Amino acid sequence: MTQSPNETNDDVVEAVGEYSPEATGDASLPDGEPRDHGRGGYLPLSPDASVSLRRRLLTGVVLVVILTISITGTLVAGPYVNAPADASPPTHRVQTIVIFRNDDIQPYYRTETMRAVDRIFVEESVPVTQGIIPMTGDRPIDETDDTCTYLRRRHRRHPELFEFALHGYTHEKLTAFYSGSEFGGLSPRNQLERIQKGTKIVKQCVGERPETFVPPMNTYDNTTAKKVAQVGYQTISGGSWFTREYYGKTSPFRAHGVSHVPNSASFVADWSTNRFRNDTELTDDFDRAYRNGTVYVQMIHYPTFDTPAKRERLRQFIDYMQSKEGVAFMTVDQYTDGIQRGTIRRVDDGWIVPCTADCDRTVRSGAAG
Ligand SMILES: [Zn+2]
């Protein structure tokens, strides 16, 4: 464990300079991602996924069922008294679904910032999908510092909160596809090889195969989707600005054997300075999704939250979302898995989702149907 003095306290402003992953300075891309942040000395991370999120989600649901049965057995008018004896796990109606996607997990780079951001999600009990970069320079993440150990521990302690996704292979801009892509435009063979190699490294790092693929620069082509599906991924999560242009869609959809769950918005407004979008811009996007009942996927990059004040912005944004009635937070894979199993479904006035700990707050009579 070697930590620099600046990494021992997350209240210390890290003096590492601005997070400037992009070399080309394309700050105009609304929901874009750092254009070229692969080689500058920041790497990915991975967790310990000894127990799958799905299994834990299921466990939680079973517990809720047991609790519900015991409660309705003693109280005359519990929320599920009308449910048949063989009813499915309890569900409730929510207005919208929120997913956080934290990209660029890597070793050696702003480690304490990474951990401080993770702590926010733990303290707020909000799930997050972490995009892990498997290769930094020539080094696989599982042969670097103690990032993999940290990730495994994080997941072991909070299995329902952390999903570990594959975020490319080297995170390099290899083609000119949509202003730069690691995958779009590469040969099918090359794409498959990079996905397979990255998958193997992340699996070794966190102990479980990732289910979600997050293409660097948020861009990919049909071949990427097919190869990701071939390797066994359930979801590909790029950028909505990209899927709007390439697929004509911004909400989650299915194509080439995989679910596409694009991010809705970026936290950063200007990648040349890492200036955040202001509170109104952030809340306006969320409010729109809330009004329309659409899935809201918030992309963040942990290195940009390098001061306590910046991290407070993230916490306040989460608090704002939590202040609204009927917001279900989940990871990318929890969403896709629920859609595929039919435990999550769109209805006229929102979504039916499995009950979680806060279900009793929002459950309504009849919603379980
Ligand atoms: Zn990235």
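How many bridges join strand 1 to strand 17? In this predicted model, 4 bridges join the two strands, and strand 17 covers residues 350-354. The two run antiparallel. Within this pair, Thr91 stands opposite Pro354 of strand 17.

Strands 1 and 17 belong to an open sheet of 3 strands, in the order 1-17-16, with antiparallel pairing. Its edge strands are strand 1 (91-94) and strand 16 (345-347), each of which pairs on one side only. On average, neighbouring strands of this sheet are turned by 30 degrees against each other, direction ignored.

A parallel pairing is found elsewhere in the chain: strand 3 (residues 128-132) and strand 6 are paired in that sense over 5 bridges. Here Gly131 stands opposite Ala165 in strand 6. In general, strands of a sheet pair through backbone hydrogen bonds, either parallel or antiparallel.

The two pairings are set out below.

| Strand pair | Sense | Bridges | Opposite residues |
|---|---|---|---|
| Strand 1 and strand 17 | antiparallel | 4 bridges | Thr91 and Pro354 |
| Strand 3 and strand 6 | parallel | 5 bridges | Gly131 and Ala165 |

Strand 6 spans residues 162-166, and 5 of its 5 residues are buried, so the strand is largely enclosed by the rest of the structure. Both of its faces are covered. Phe162, Phe164 and Leu166 are buried on one side, while Glu163 and Ala165 are buried on the other.

The protein chain as a whole contains 10 helices and 17 strands. Of its 369 residues, 49% are buried. Among contacts in the chain with a separation of 6 or more, 78% are between residues 24 or more positions apart.

Note on methods
Residues numbered from 1 in each chain as written. Predicted model: local features only at pLDDT ≥ 70, side-chain atom pairs only at ≥ 80, totals over all residues. Buried ≥ 20, exposed ≤ 12 C-beta atoms within 10 Å, placed from the backbone. Pairing = 2+ DSSP bridges. Contact = placed C-beta atoms within 7 Å. Axes fitted to C-alpha atoms, helices over the stretch in contact; angles between N-to-C directions.
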